[in-house]
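Please look over the sequence and the model shown here before reading on, and keep both in view while following the text.

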Amino acid sequence: MAEEAELPPAPDVAGTSLDGTKIFTVSADENDRLCRSVGVTPAADGSAHPIWYYVATQVAMGKTVAGVCETCEFDVEDGPMMGSSGVRFMAPIMVGQPYRVTGEILSLVRKKSRKLGVMDVLTYRLRLHPAEGGDAILETDNVWVLPRKELA
Amino acid sequence: MSDAAGSYAIGDAIAPFTIESVSADAMKDWAVFLADPNPIHLDVEVVKAKGLGDRVINQGPINVAYMMNMLMAAFPGCTIEKMDSRFLDNVYGGDKAVASGRITAVDGDRVECEFTLDIEGRGTVNAGTATIRLNNP
């Protein structure tokens, strides 16, 4: 606790918008390739593999992965690591349906761990909406660990 | 309790989903899907240079997909309503990955589960929980 108090604060990025402008659509061909890449066949009911939640929100959010890191004053070349990913589905992702993304950074917390040294823990939330408007069909919270080698 | 939920009980094991050998070619596809050409997923020499091992590293969401596959196979026609997963270690090209789990709660047409993704010879690399809505016939 005392050691953490001595660290310089993490950049104040909570609330940064991750709203996207891109329209994201899962094509039947892409869904087929993704499903086969993870060892299954596509669903017959027109729903896309649920892991598209992660792909769609990452690709269509308002910043690239490198851009999110830059916002956190972190060089993507230093190796951000996935800590956790959570998702709540209100409806399935459908093949051929256009979607857009809204979201924001929730927090960036500086910590010290025995294994990784000083690190910033980034939590951000993204939502996938039908492109034509309306409530989100899913909401995902992702946590990344940004190792701060320069503070170790 | 619905008929569908009546088929399940707390403590029941979920049938494993196995990937016999994690595919480096799939990682190339996922670099395109994710629009993220991070070379640790594509170039073993970069992995070595960074001191991260001697094989390419699977993109994290692929590991989540393996666990989703296990759930969808175990509960045909189900809807994954909620899923949380923690990334504990890397999965490498050529690894044998096994997703497995058990039921922790049954409530009406919903089942809660906990699960892991394990790598032969190395142990658990992902762990998580999910809430599943069953497909009532």
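The paragraphs below go through one strand of chain A, then the contact between the chains, and then chain B.

This is a predicted model, in which local features need pLDDT of at least 70 and side-chain atom pairs count only at pLDDT 80 or more, while totals for chains, interfaces and linings use all residues. Residues are numbered from 1 along each chain as its sequence is written, and chains are lettered from A and ligands numbered from 1 in the order in which they are written.

A starting point is strand β5 of chain A, residues 138-147; helices (H or I, at least four residues) and strands (E, at least two) are DSSP runs, numbered from the N terminus. The covered face of β5(A) carries Leu138(A), Thr140(A), Asn142(A), Trp144(A) and Leu146(A), whereas Glu139(A), Asp141(A), Val143(A), Val145(A) and Pro147(A) lie on the uncovered one. Two strands of chain A pair with β5(A), where pairing requires that DSSP finds at least two bridges between the strands. With β4(A), residues 117-130, β5(A) runs antiparallel and is joined by ten bridges, and here Leu126(A) stands opposite Thr140(A), a residue of the covered face. With β2(A), residues 81-89, the pairing is also in the antiparallel sense and extends over eight bridges; Arg88(A) is placed opposite Glu139(A), which belongs to the uncovered face.

Strand β2(A) leads on to the other chain, being joined by five bridges to strand β2 of chain B, residues 79-87, in an antiparallel arrangement. Within this pairing, Val87(A) has Met83(B) as its bridge partner. Taking the two chains as wholes, 23 residues of chain A are in contact with 26 residues of chain B, contact meaning that the C-beta atoms, placed from the backbone, lie within 7 Å. On the side of chain A that touches chain B, α2 (28-37), α3 (52-60) and β2 each supply at least two residues, and the largest share, eight residues, comes from β2(A). By class, that side has 13 nonpolar, eight polar and two charged residues, where Ala, Val, Leu, Ile, Met, Phe, Trp, Tyr, Cys and Pro count as nonpolar, Asp, Glu, Lys and Arg as charged, and the others, Gly among them, as polar.

Chain B itself has four helices and five strands, which follow one another from the N terminus as α-β-α-α-α-β-β-β-β. Its C-alpha atoms fill a box of roughly 55 × 30 × 20 Å along the principal axes. Of the 137 residues of chain B, 37% count as buried, that is, with 20 or more other C-beta atoms, placed from the backbone, within 10 Å of their own. Among contacts in chain B between residues at least 6 apart in sequence, 67% join residues at least 24 apart.

Note on methods
Buried ≥ 20, exposed ≤ 12 C-beta atoms within 10 Å, placed from the backbone.
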